Amino acid sequence: HEIRDQYMFGPGLLVCPVTKPMYFKKGQEMSKTVGLRTVYLPDGCNWYNYWTHEKYNGGQKIQAAAPLDQIPLFVREGAVIPTIEPVECTEDMEGKEVIFEIYPGADGEFVFYEDAGDGYGYEKGEFSLVKFIWNDAPREAVWTMQGSDMGGMGGDWISCYLTCQMKAAPSGGSRSCKGGCHLNHEGCRSEIKEKEICAPRRRV
C-alpha cells in the first residue's frame, strides 16, 4: 500500500493527521458533526485506537473519528508506550511518575533512557537504560536496569518512579488495570492483574 497521509512514529504508533478541511467550508458555518477520516491499519497485527482503546484487526480500512482536538492515533498490539504529564524542561521530571502503557495481544519491549538532564556526563557513560519487557501470555512485565552504576549516581540515579498500565479493549468487557513495583538495581518482575499490585514509590 502506498499511503502518503499517515505514518509510523516509532515501531508502535500509527499517526493519521487530518490534511483536508473537515469542519470549515467557504460560505458555510462550522459543522458540528464530528468528521471521519479513512485510516488503513496495516496487516500482520491488531491495532488499538489510542483514545478509546477499541481494538481492530489489521489489514483493513476504517472510518476514524477526527474531532477538532484530536487526530486519529492507533497503537500496535504489543507496544509499550512511556507517558508522563507534560513538563517544561527535564528538571521538572524530578519525582514525576512515568507510566508504561501496555497494549496487550503480543510480546513487546521498550528501552527507557535517562541521564542527568543537563551537562555532558552522558558522554562519559553517566546514564541508565531501563529495559521494559512485556510477556503477553503470562501477563508479566519484567524491568531490568543497565548502566555504569547508574552513571556513578548510586541508588538516587532514577529520579522518577515507574508504573505499568495495561490497556484493555472496551468491547471485551474488561477495564484498564494498573500494576507497578519499585524499580531497583536488580530490576523487578510483576504480574499484571485486575487490581493494583503495589503502590508505586519514589526512590529515596
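**View 1. Burial of Phe100 and Phe132 in the predicted model.** Phe100 is buried. Phe132 is buried as well. Phe100 belongs to strand S9 and Phe132 to strand S11. Along the chain, 32 residues separate the two.

**View 2. An edge-to-face pair, Phe100 and Phe112.** By the ring-pair rule, the model holds 8 aromatic pairs. Shown here are Phe100 and Phe112, with ring centres 5.9 Å apart. Their planes meet at 75°, over the 60 degrees required, so the pair counts as edge-to-face. The contact links distant parts of the chain. Phe100 sits in strand S9 (residues 97-102), Phe112 in strand S10, 12 residues apart. Both side-chain owners, Phe100 and Phe112, are buried.

**View 3. A stacked pair, Phe100 and Phe132.** The distance is 4.7 Å centre to centre. The angle between the planes is 15°. This pair, too, links distant parts of the chain, with Phe100 in strand S9 and Phe132 in strand S11.

**View 4. The phenylalanine cluster.** Ring pairs join Phe100, Phe110, Phe112 and Phe132 into a cluster. Among its members, Phe100 and Phe132 are stacked, while Phe100 and Phe112 are edge-to-face.

**View 5. A nonpolar surface patch of tyrosines.** Tyr113, Tyr120 and Tyr122 make up the patch. Together they have about 360 Å² of accessible area. Tyr122 lies in the loop between strand S10 (108-115) and strand S11 (127-135). Its relative accessible area is 38%. That value falls between the cut-offs of 20% and 50%, so Tyr122 is partly exposed.

How values were computed: Residues are numbered from 1 along each chain as its sequence is written. This is a predicted model: local features need pLDDT of at least 70, side-chain atom pairs count only at pLDDT 80 or more; totals for chains, interfaces and linings use all residues. Side-chain values use heavy atoms; hydrogens and water are left out. Patches are made of residues with over 30% relative accessible area and no salt bridge: like charges are joined within 9 Å, nonpolar side chains (Val, Leu, Ile, Met, Phe, Trp, Tyr) within 5 Å. Accessible areas come from the Shrake-Rupley method with a 1.4 Å probe; for residues, only the protein chains shown count as cover. A salt bridge is a side-chain nitrogen of Lys or Arg within 4 Å of a carboxyl oxygen of Asp or Glu. Helices (H or I, at least four residues) and strands (E, at least two) are DSSP runs, numbered from the N terminus. Buried means under 20% relative accessible area, exposed over 50%, partly exposed in between (1.4 Å probe, protein chains only). Rings of Phe, Tyr and Trp (its six-membered ring) pair if their centres lie within 6.5 Å; planes under 30 degrees apart count as stacked, over 60 as edge-to-face and the rest as tilted.
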